[in-house]
Amino acid sequence: EVRVGSERLAVVKPCTRCKVTTTDQETTERGEEPVKTMGEFRRKWHVGTRAGDKTDVFFGQNCCHFGAGGRIFKGDVVEARVWVW
């Protein structure tokens, strides 16, 4: 479980990085970073997941909120309540 401000989130699974992170948002030029560097230590076998395939780079988590009405604001404290591997 993760808490952001007053919102509780369940950590569902690791998520992969897409090529959008390699696109310069001002020039629209694409490069290899940050996916190239993250790929050195964030591949499927590094994070121990069944999700994705062997070429995916994982960096982040998919989460679901526990209920309606919660709000997250810039500057809210993020707290990891429970980690189960």
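Helices, of at least four residues, and strands, of at least two, are DSSP runs numbered from the N terminus. The exercises below concern a predicted model.

**Exercise 1. Determine where Thr 22 lies and whether Thr 22 is buried or exposed.**

Solution.
Step 1. Locate the flanking elements: strand 2 covers 7-16 and helix 1 covers 35-38, and Thr 22 is in the loop between them.
Step 2. Apply the cut-off: a residue is buried when its relative accessible area is under 20%. Thr 22 has a relative accessibility of 6%, and is therefore buried.
Step 3. List the contacts, leaving out residues up to four places away in sequence. Thr 22 touches Glu 29, Arg 30, Gly 31, Glu 32, Glu 33, Pro 34 and Val 35.

**Exercise 2. Describe the secondary structure and the overall dimensions of the protein chain.**

Solution.
Step 1. Count the elements: the protein chain has two helices and four strands.
Step 2. Put them in sequence order, which gives the pattern β-β-α-α-β-β.
Step 3. Compare the radius of gyration with the globule rule. The protein chain has 15 Å, whereas a compact globule of 85 residues would have a value near 12 Å.
Step 4. Take the extents of the C-alpha trace along its principal axes, which are about 40 × 35 × 20 Å.
Step 5. Turn to the surface and the interior. The exposed area is about 6,700 Å², with 54% supplied by carbon and sulfur atoms, and 19% of the 85 residues count as buried.
Step 6. Consider the contacts with a sequence separation of 6 or more: 56% of them join residues 24 or more positions apart.

**Exercise 3. Characterise the surroundings of Arg 3, and find the ring over which the charged end of Arg 8 sits.**

Solution.
Step 1. Assign Arg 3 to its element, strand 1, which comprises residues 2-4.
Step 2. Classify its exposure. With a relative accessible area of 24%, Arg 3 is partly exposed, because this class runs from the 20% limit for buried to the 50% limit for exposed.
Step 3. Identify its contacts beyond four places in sequence: Arg 3 touches Arg 8, Val 77, Val 78, Glu 79 and Arg 81.
Step 4. Add a separation in space. Arg 3 and Phe 73 are 70 residues apart along the chain, and their C-alpha atoms are separated by 12 Å.
Step 5. Move to Arg 8, whose charged end sits over the ring of Phe 66 at 4.1 Å from the ring centre.
Step 6. Check for ring pairs, which require centres within 6.5 Å. The count of aromatic pairs is zero.

**Exercise 4. Establish how many disulfides the structure holds, and examine Cys 63 and Cys 64.**

Solution.
Step 1. Recall that a disulfide is a covalent bond between the sulfur atoms of two cysteines.
Step 2. Count them: the structure holds zero disulfides.
Step 3. Inspect Cys 63, whose nearest cysteine sulfur is that of Cys 64, 7.6 Å away. The cut-off for a disulfide is 2.5 Å, so a pair beyond it does not qualify.
Step 4. Inspect Cys 64, which is likewise in no disulfide.
Step 5. Compare exposure: Cys 63 is partly exposed at 35% relative accessibility, and Cys 64 is partly exposed at 43%.

**Exercise 5. Describe the position and the contacts of Val 11.**

Solution.
Step 1. Val 11 belongs to strand 2.
Step 2. Its relative accessible area is 31%, and Val 11 is therefore partly exposed.
Step 3. Beyond four places in sequence, Val 11 touches Val 2, Gln 61, Asn 62 and Cys 63.
Step 4. Val 57 lies 46 residues from Val 11 in sequence, with 18 Å between their C-alpha atoms.

Technical notes:
Residues numbered from 1 in each chain as written. Predicted model: local features only at pLDDT ≥ 70, side-chain atom pairs only at ≥ 80, totals over all residues. Heavy atoms only, no water. Phe/Tyr/Trp six-rings, centres within 6.5 Å; stacked < 30°, edge-to-face > 60°. Lys NZ or Arg CZ within 6 Å of the ring centre and 35° of its normal. Buried < 20%, exposed > 50% of the residue type's maximum accessible area, 1.4 Å probe, protein only. Contact = heavy atoms within 4.5 Å. Rg over C-alpha atoms; globule rule 2.2 N^0.38 Å. Areas by Shrake-Rupley, 256 points an atom, 1.4 Å probe, with all protein chains shown as cover.
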